[in-house]
Amino acid sequence: KLTNHKSINLYAENVLRLAACKMYGKGSTANGIKAIKNYCKQNGINDNEVNLYDGSGISPKNQISTNALTDILISATTKEFFADFFNSLPSPIDETSTLRRILQDYPEAHRIKAKSGYITGVRAYAGYFTNKNDKLFAFALIFNNYNCSNAEIRKKIEEFMKAMITIE
């Protein structure tokens, strides 16, 4: 929960190494990446769209498609750990959330639970939302090399998220 709310990169890296320990008995970054690639293969996710260098996401060498990211999130909904994972994700209405600057005064903001990511020139959001009919959807948004201000991209993201929540 702390990692998802505060973006503590050290914790994220250790989650990757913990996955490695669970699968291979040795907690290294390389084994953690291998564990994620294997998870993708076992769940029918194109692992060629998942190229990782670290667990924190701070390396510009990390690459993942929105398709693969959404497929991973969808596959998680069928796993026994899903409730814990889902509940670890922040909502824009959470005070401790990195999402708190998104949809600040929007009454339906509670319908989103997601993780944000930011590195120079890239903004990413991935998680889940419920529509007006309370149907759960997975989503991934990645904005790369945008040529507007951070305030302008945030406004565009908010517009997209508002539209997303209102689908039936």
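Visitor: Before we look at the strands, when do two strands count as a pair?

Guide: Welcome! Two strands pair if DSSP finds at least two bridges between them. Keep in mind as we go that this is a predicted model.

Visitor: How many bridges join strand β3 to β4?

Guide: Strand β3 covers residues 112-119, and β4 covers residues 122-130. The two run antiparallel. One rung to look for is Lys113, whose bridge partner in β4 is Tyr128. The number of bridges joining β3 to β4 is 8.

Visitor: Which residue in the hairpin of β3 and β4 takes a positive phi?

Guide: This hairpin has 2 residues between the strands. The phi angle to look for there is near 80°. The residue that takes it is Gly121.

Visitor: Which residue stands opposite Ala124 in β5?

Guide: Strand β5 spans residues 136-144 and pairs with β4 in the antiparallel sense over 9 bridges. These two strands also form a hairpin, with 5 residues between them, and Asp134 in the turn has a positive phi of about 60°. Opposite Ala124, in β5, stands Ile142.

Visitor: How many of the 9 residues of strand β4 are buried?

Guide: A residue is called buried when its relative accessible area is under 20%. Enough residues of β4 meet that mark, so the strand is largely enclosed by the rest of the structure. The number of buried residues is 7 of the 9.

Visitor: Is Phe82 buried or exposed?

Guide: Phe82 belongs to helix α5, residues 82-88. Its relative accessible area is 14%, and the limit for buried is under 20%. Phe82 is therefore buried.

Visitor: What kind of ring pair do Phe82 and Tyr128 make?

Guide: The ring centres lie 5.4 Å apart, with the planes at 85°. Planes over 60 degrees apart count as edge-to-face. The pair links distant parts of the chain, since Phe82 is in helix α5 and Tyr128 in strand β4, 46 residues apart. So the pair is edge-to-face.

Visitor: And what kind of pair do the rings of Phe82 and Phe86 make?

Guide: These two residues are 4 apart in helix α5, which means about one helical turn separates them. Their ring centres are 5.5 Å apart and the planes are at 40°. That angle is neither under 30 degrees, for stacked, nor over 60, for edge-to-face. The pair is therefore tilted.

Visitor: Which residue has its charged end over the ring of Phe86?

Guide: Phe86 is part of a cluster that ring pairs build from Phe82, Phe85, Phe86 and Tyr128. A charged end sits over the Phe86 ring, 5.5 Å from its centre. That charged end belongs to Lys113.

Visitor: How are helices α2 and α3 oriented to each other?

Guide: Helix α2 is residues 9-24 and helix α3 is residues 29-42. Their axes come within 7 Å and cross at roughly 70°. An angle of 65 to 115 degrees counts as roughly perpendicular. That makes α2, relative to α3, roughly perpendicular.

Visitor: Over the ring of which residue does the charged end of Lys34 sit?

Guide: Lys34 is one of the α3 residues that meet α2. Its charged end is 4.8 Å from the centre of the ring. The ring is that of Tyr24.

Visitor: Is Asp47 buried or exposed?

Guide: Asp47 lies in the loop between α3 and β1. Among the residues it touches is Lys37, which lies in helix α3. At 14% relative accessibility, Asp47 counts as buried.

Notes: Residues are numbered from 1 along each chain as its sequence is written. This is a predicted model: local features need pLDDT of at least 70, side-chain atom pairs count only at pLDDT 80 or more; totals for chains, interfaces and linings use all residues. Side-chain values use heavy atoms; hydrogens and water are left out. Buried means under 20% relative accessible area, exposed over 50%, partly exposed in between (1.4 Å probe, protein chains only). Rings of Phe, Tyr and Trp (its six-membered ring) pair if their centres lie within 6.5 Å; planes under 30 degrees apart count as stacked, over 60 as edge-to-face and the rest as tilted. A charge sits over a ring if NZ of Lys or CZ of Arg is within 6 Å of the ring centre and within 35 degrees of the ring normal. Axes are lines fitted to C-alpha atoms, for helices over the stretch in contact, and angles run from 0 to 180 degrees between N-to-C directions. Angles under 35 degrees count as roughly parallel, over 145 as roughly antiparallel, 65 to 115 as roughly perpendicular and the rest as oblique. Contact means heavy atoms within 4.5 Å. Lists of a residue's contacts leave out its neighbours within four places in sequence.
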